[in-house]
Amino acid sequence: MDDDWICGRLGEDEPWLLGAVHPPIFENSIFTFETAGDLAEALKDEDENYIYWRGTNPTVDLAQRKLAALERAERAKCFASGMGAISATISSLVSAGDHVLVLGAVYGPTTQFLRYLEKYGVTHTHISDLAAGDSAINASTRLLYFESPSYMRYELFDIAQVTAWAREHGLVTVMDNTWSTPIFQKPITLGVDLVLHSLSKYIGGHSDLVGGVVCGSAELVRPLARTEYMLYGAAMSPHDAGKVIKGLRTLPVRMAAHQERGLAVARFLESHPAVRTVNHPGLESHPGHALAKRQMSGFSSLLSLELDTDSHPQVTKFLDELRHFRIGVSWGGFESLANAPTLTTEESVRKTMGVPVGLVRLSVGLESAQTLVEDLGRALEAI
């Protein structure tokens, strides 16, 4: 199926929409039944039947169908947050005594959640590459978790190689694909078992919702939908699902614009003497650029730069000098944002991820690239 059609039309011509040009939002928390027997039968599978929106809901269902189709997955399950999806997915795959391998740098709260699981007897090891994995893997290892591009540094992994290695060792693979979106990268086609997204970022696209999703085979998604999803209670609301559907309609167009503006900013920064390094896989100078061209069809506009300083006050001054970039967390919306992990990330997590003091993350929005370049230029000159 064509991605543009999935984003704009999949499921939107069905009779229950009554010809509405935008899918209706089912606000009701419960659904009723003709007979007690009908209710009893429906209760056998709350993921498939509309009973109570903690299980599922027609608006949420439509969002899930679109996201599964975009990722070329059999099923998808939406959550009330990205961490809701991450914690439920990891929990569904491990038990006390199991071990998790974490490849490369990943989202800070993911590491914090893995540390939290230690009190239940689940351990984890961070590895930088598969060679290190050969040494770190043991008989209790069940899961390999990674991001590509990786968190903050945007390093790339050969996804097909990673999944082949994991299969050889009997591991389930889980990958966070939020950076690329399903428009620019489809990890399931490269062998990944489960793919995660924070829907708050590019897919939502307007900084007005919090949500997450896991996509994969029915064999893996249905058990976590019936158990962890229901028990943890991180259910996506119909209103947020409606925003996801609306965001998907413009996702292909927005990602093309994000790519253009992101590369323009990255190329400017790469040439500036106050910048040590620019981390963006779309740059020809990026060590993973050739790999990116093979396994990705485009690039988002989330990048990082390392300022030519190791001073916390200098990093703060750079952020404070920005006039058009706003200072804030998250990314993927219309507005351009800047923040620094040294100010917002727990130091132990930052060091585990190998993130230097002078690293600044930029989310390049949909404003004029020239405006953004001029803003960055002024702030760099100030330090």
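Is His280 buried or exposed, and what is its relative accessible area? In this predicted model, His280 counts as buried because its relative accessible area is 0%, and the cut-off for buried is under 20%. That histidine is a handy way in, so let's start there and then look at a helix, some strands and a pocket.

**Around His280**

- To find His280, look in the loop between β8 and α12, the helix at residues 289-295.
- The side chain of His280 makes a polar contact: the backbone nitrogen of Gly282 is 2.8 Å away.
- Leaving out residues up to four places away in sequence, His280 touches Trp179, Gly262, Leu263, Ala266, His286, Phe299, Ser300, Leu302 and Leu303.
- Two of those neighbours, Leu302 and Leu303, turn up again in strand β9, where they point opposite ways and are both buried.

**The sheet with β9 in it**

- Five strands make up an open sheet here, and reading across it you get β8-β9-β12-β11-β10, with mixed pairing.
- At the edges sit β8 and β10 (326-327), each of which pairs on one side only.
- A bit of background: strands of a sheet pair through backbone hydrogen bonds, and they can do it parallel or antiparallel.
- Strand β9 covers residues 302-307, and six of its six residues are buried.
- Leu302, Ser304 and Glu306 point one way from β9, while Leu303, Leu305 and Leu307 point the other way.
- On one side, β9 runs antiparallel to β8 (residues 275-279), and four bridges join the two.
- If you want a spot to look for in that pairing, Val275 stands opposite Leu307.
- β9 also runs antiparallel to β12 (residues 359-363), this time with five bridges.
- Two leucines of β9 help you line that pairing up: Leu303 stands opposite Leu362, and Leu305 stands opposite Val360.

**Strand β4 and its parallel partners**

- Strand β4 runs from residue 141 to 147 and is mostly covered, with six of its seven residues buried.
- One partner is β2 (residues 99-103), which runs parallel to β4 and is joined to it by five bridges.
- Within that pair, Val102 stands opposite Tyr145.
- The other partner to look at is β5 (residues 172-176), also parallel to β4 and also joined by five bridges.
- Here Leu143 has Val172 as its bridge partner.

**Helix α3**

- Helix α3 takes in residues 58-70, which makes 13 residues, and reaches 19 Å from its first C-alpha to its last.
- That reach is close to the 18 Å expected at 1.5 Å a residue.
- Most of α3 is tucked away, as 12 of its 13 residues are buried.
- The buried ones include Pro58, Val60, Leu62, Leu67 and Leu70, and also Asp61 and Lys66.
- What do the buried residues of α3 pack against? Their partners are α1 (3-8), β1 (75-79), α8 (181-184), β7 (212-216) and α11 (238-270).
- At the N-terminal end, Asn57 acts as a cap, with a side-chain oxygen 2.8 Å from the backbone nitrogen of Thr59.
- Just past the helix, Arg72 has a positive phi of about 60 degrees.

**Strands β1 and β7**

- β1 is one of the elements that α3 packs against, and five of the five residues in β1 are buried.
- Arg75, Lys77 and Phe79 point one way from β1, whereas Ala76 and Cys78 point the other way.
- β1 pairs with β7 in the antiparallel sense, and the pairing has five bridges.
- Cys78 in β1 has Val213 in β7 as its bridge partner.

**The largest pocket**

- Rolling a probe the size of a water molecule over the atoms shows where empty space is left.
- The largest pocket holds about 720 Å³ of space.
- Of the 35 residues lining the largest pocket, those closest to its centre are Tyr107, Lys201, Ser330, Trp331 and Arg361.
- Which elements give two or more residues to that lining? They are α4 (82-93), α5 (108-116), β6 (194-198) and β11 (337-339).
- You've met β11 already, as a member of the five-strand open sheet.

How values were computed: Residues numbered from 1 in each chain as written. Predicted model: local features only at pLDDT ≥ 70, side-chain atom pairs only at ≥ 80, totals over all residues. Heavy atoms only, no water. Expected span 1.5 Å × (residues − 1). Buried < 20%, exposed > 50% of the residue type's maximum accessible area, 1.4 Å probe, protein only. Contact = heavy atoms within 4.5 Å. Polar contact = N/O pair within 3.5 Å; in protein donor to acceptor, adjacent residues only side chain to side chain. Pairing = 2+ DSSP bridges. 1 Å grid on protein atoms, 1.4 Å probe; cavity = no way out; pocket = protein on both sides within 12 Å on 5 of 7 lines; lining within 4 Å. Points joined across faces, edges and corners; volume = space filled by probe spheres on them.
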